Amino acid sequence: MPSKIFHVAIHDLRRKEENDFEFVVGKNDLKQGPTLIRVVDELHRLYARRASKSHGKFSADDVNFPTQGFLRVYIDGGSKDFETLTTSLMTTLVTQARRKTGATGGHVFFVHFEDDAKQFVMIAIVNDRLGAAITHDYDVSDVTTLDLDGFRFAGRINLTAWANKEERYVGFLKGKGDVAEYFKEFLGCDTTVQDREDTNSLVAALKHFADSQSMVGADRDEFLAKAKAICDVSAKKREQLHLTAFSNELFPSEPDLLLNVLTDDARKINDGFIPDRRALATLVRFKAKTSFWSVEFDREAITQGKVRYNEKSNSLTLSDIPVELAEELKVNG
């Protein structure tokens with residue numbers, strides 16, 4: 001949950017007719033009572049748990065994609081004028097919604113908050129949902145509530161990462177089809193595919209997960225080898241790897257455990273990337289080189305005792321070396 005909420009605003013994006021939208025100004029700095037804080041916490045939690053996200057940075061074209069400019073003015077002004085920021089962003093959102101068939105309206109939440117010593121701006125479109133409630137005299141009545149679980153369009157800008165000039169600091173929900181593209185365009189997010197970086201992040205996440213599950217020896221080897229085999233299929237066919245399906249196949253007993261690690265926002269793994277085969281090799285292979293030697297071996301060599309690592313002396317022992325190498329060492333060693 002956010003450690004500090006600076007500002008919250010809510011406006012409405014309304015469809016007037018087919019491919020025409022308008023926005024209605026709501027409140028630009030809501031009072032932070034228990035209900036609002038609970039809603040913000042829930043939006044933050046649900047966004048973090050969604051697997052289908054893409055990550056990138058702001059487009060170099062800040063004329064056609066002005067969101068970054070509005071944010072820069074807001075930050076340079078000491079993060080005080082949230083009203084100007086959110087109304088400017090609503091103008092951009094309306095423009096992009098008009099360009100995409102299938103775009104929908106709703107309540108647009110803007111939240112500037114801090115989490116883990118990093119500042120973010122999150123934007124989410126939430127719709128109403130009709131429910132029912134029991135009254136005090138035990139009648140049943142209609143109740144209109146926010147459909148927090150069902151929000152489809154949301155994005156988040158990591159202001160701290162942006163200031164630090166990191167490569168990925170804008171994220172958004174991909175959703176199904178290309179309808180979510182209008183939200184990507186609204187954010188001005190450049191999601192230039194970086195398959196090698198995503199694969200490296202995936203490899204690191206899988207190794208972390210294996211450690212967290214106390215996998216050792218053959219169990220660890222089997223898990224990582226299976227992960228590589230699944231990813232290799234996508235890599236060979238040049239097909240996208242989707243994290244939910246991948247988790248279900250790799251760890252069917254408790255896929256959500258694995259999915260929570262893979263979708264950790266700190267890893268910024270794009271859902272639907274094409275695995276890089278060179279980066280995948282590090283799941284089952286070790287490789288190193290110095291000015292005096294180079295070595296490469298599969299993980300299985302360790303579990304079978306063909307390669308031994310001595311942590312105390314920081315040394316490797318190789319067994320069953322090829323006859324040709326042994327003979328050459330006898331003569332020239």
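**Reading helices, sheet and rings**

Visitor: Across which strands does helix H2 (residues 67-76) lie?

Guide: Helix H2 lies across strands S1 (4-17), S3 (53-58), S4 (106-115), S5 (118-126) and S8, at about 70° to S3. Helices (H or I, at least four residues) and strands (E, at least two) are DSSP runs, numbered from the N terminus; contact means heavy atoms within 4.5 Å. Axes are lines fitted to C-alpha atoms, for helices over the stretch in contact, with angles from 0 to 180 degrees between N-to-C directions. Helix H3 (residues 82-98) crosses S1, S2, S4 and S5, at about 35° to S1. The model is predicted: local features need pLDDT of at least 70, side-chain atom pairs 80 or more, while totals for chains, interfaces and linings use all residues. Residues are numbered from 1 along each chain as its sequence is written, and side-chain values use heavy atoms, without hydrogens or water.

Visitor: What is the strand order in the open sheet?

Guide: Strands of a sheet pair through backbone hydrogen bonds. Here the order is S2-S1-S4-S5-S8-S9-S3-S10, antiparallel, where pairing takes at least two DSSP bridges. S2 (20-27) and S10 (189-190) each have a single partner strand, so one side of each lacks a neighbour in the sheet.

Visitor: How is the aromatic pair of Phe153 and Phe183 described?

Guide: A ring pair is described by centre distance and plane angle. Phe153 and Phe183 are stacked, at 6.4 Å and 25° (Phe, Tyr or six-membered Trp ring centres within 6.5 Å; planes under 30 degrees stacked, over 60 edge-to-face, the rest tilted). Phe153 is in strand S8 and Phe183 in helix H5 (residues 181-187), so the pair ties together parts 30 residues apart in sequence.
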